[in-house]
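Here are my notes on the structure, set out as numbered points for you to read beside the sequence and the coordinates. They deal with charged pairs, the helices and the surface, in that order.

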Amino acid sequence: MDNINTFEYNYSAERAREVEAIRRKYEEPKEDKFEQLKALDRQAERRGQILSIAIGIIGTLILGTGMSMVMVGQVLYFIPGVVIGIVGALALGAAYPIYKKVTQKDRDKVAGQVLALVKQLQ
């Protein structure tokens with residue numbers, strides 16, 4: 001009898017990555033301190049970003065409306081167009097200071113948690 005034992009092994013890095021990605025979907029999420037730190041930092045900025053973007057968009061639309069009214073060429077629309085355009089420009093100018101103020105307020109709220117996590121990570 002001729003008994004030949006053979007062993008075959010096929011490794012594919014791409015397949016291993018795919019298997020790992022599928023495994024991560026079904027595992028319980030691990031509580032990683034660094035990920036918590038990044039999430040808190042994103043949370044502190046999110047509300048300010050959303051608010052300032054909304055104000056910026058609204059200000060842009062108001063400014064565009066005023067510009068359109070000025071460009072119509074009729075005296076009846078010129079003065080209101082200038083006033084509306086100035087209001088839109090002021091809204092655009094206020095977007096960044098509002099972002100800074102809201103973000104700083106939210107950072108102050110999570111500062112204790114962030115500093116505690118930083119101490120644990122160092």
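1. In this predicted model, Arg23 has a relative accessible area of 37% and is therefore partly exposed. Its side chain meets that of Glu27 in a salt bridge, with 2.0 Å from N to O, and Glu27, at a relative accessible area of 33%, is likewise classed as partly exposed.

2. A second pair is formed by Glu20 and Arg24, whose side chains meet in a salt bridge at 3.6 Å, N to O. These two residues are separated by about one helical turn, because they stand four residues apart in helix α1, which covers residues 13-26. Glu20 is partly exposed, with a relative accessible area of 26%, whereas Arg24, with 53%, is exposed. The two pairs should be read together, since Glu20, Arg23, Arg24 and Glu27 are linked in a network of salt bridges.

3. The count of salt bridges comes to seven, and one of them joins the side chains of Asp106 and Arg47, at 3.0 Å from N to O. Asp106 belongs to helix α3 and Arg47 to helix α2, so this pair ties together parts that are 59 residues apart in sequence. Asp106 counts as buried, at 7% relative accessibility, while Arg47 is partly exposed, with a relative accessible area of 42%.

4. Helix α2 has 39 residues, which at 1.5 Å a residue should span 57 Å, and the 56 Å between its end C-alpha atoms agrees with that value. The helix nevertheless bends by about 30° at Glu45, and Glu45 is also among the buried residues of α2, which include Leu37, Leu40, Ala44 and Gly48 as well. Just after α2, Gly73 takes a positive phi of about 95°.

5. Helix α3, which runs over residues 75-121, has 47 residues and reaches 66 Å from its first C-alpha to its last, close to the 69 Å expected at 1.5 Å a residue. A kink of about 55° in α3 is centred on Val110, and Val110 is one of the buried residues of this helix, together with others including Gly81, Gly85, Gly88, Val102 and Thr103.

6. How do the two helices relate to each other? The buried residues of α2 pack against α3, and the buried residues of α3 pack against α2, which covers residues 33-71. Ser52 offers an example from α2: with a relative accessible area of 12%, this serine is buried, as the cut-off for that class is under 20%. Leaving aside residues up to four places away in sequence, Ser52 touches Ala95 and Tyr99, both of which are listed among the buried residues of α3.

7. Which residues form a nonpolar patch on the surface? The patch consists of Phe78, Ile79, Val82, Val83, Ile86, Val87 and Leu90, and together these residues have about 630 Å² of accessible area. Phe78 lies in α3 and counts as partly exposed, at 39% relative accessibility. In the sequence of this helix, the patch residues should be read alongside Gly81, Gly85 and Gly88, which are buried.

Terms used
Residues numbered from 1 in each chain as written. Predicted model: local features only at pLDDT ≥ 70, side-chain atom pairs only at ≥ 80, totals over all residues. Heavy atoms only, no water. Patch = residues over 30% accessible without salt bridge, like charges linked within 9 Å, V, L, I, M, F, W, Y side chains within 5 Å. Areas by Shrake-Rupley, 256 points an atom, 1.4 Å probe, with all protein chains shown as cover. Salt bridge = Lys/Arg side-chain N within 4 Å of Asp/Glu carboxyl O. Buried < 20%, exposed > 50% of the residue type's maximum accessible area, 1.4 Å probe, protein only. Expected span 1.5 Å × (residues − 1). Bend = angle between axes of the 7 residues up to and from the residue. Contact = heavy atoms within 4.5 Å.
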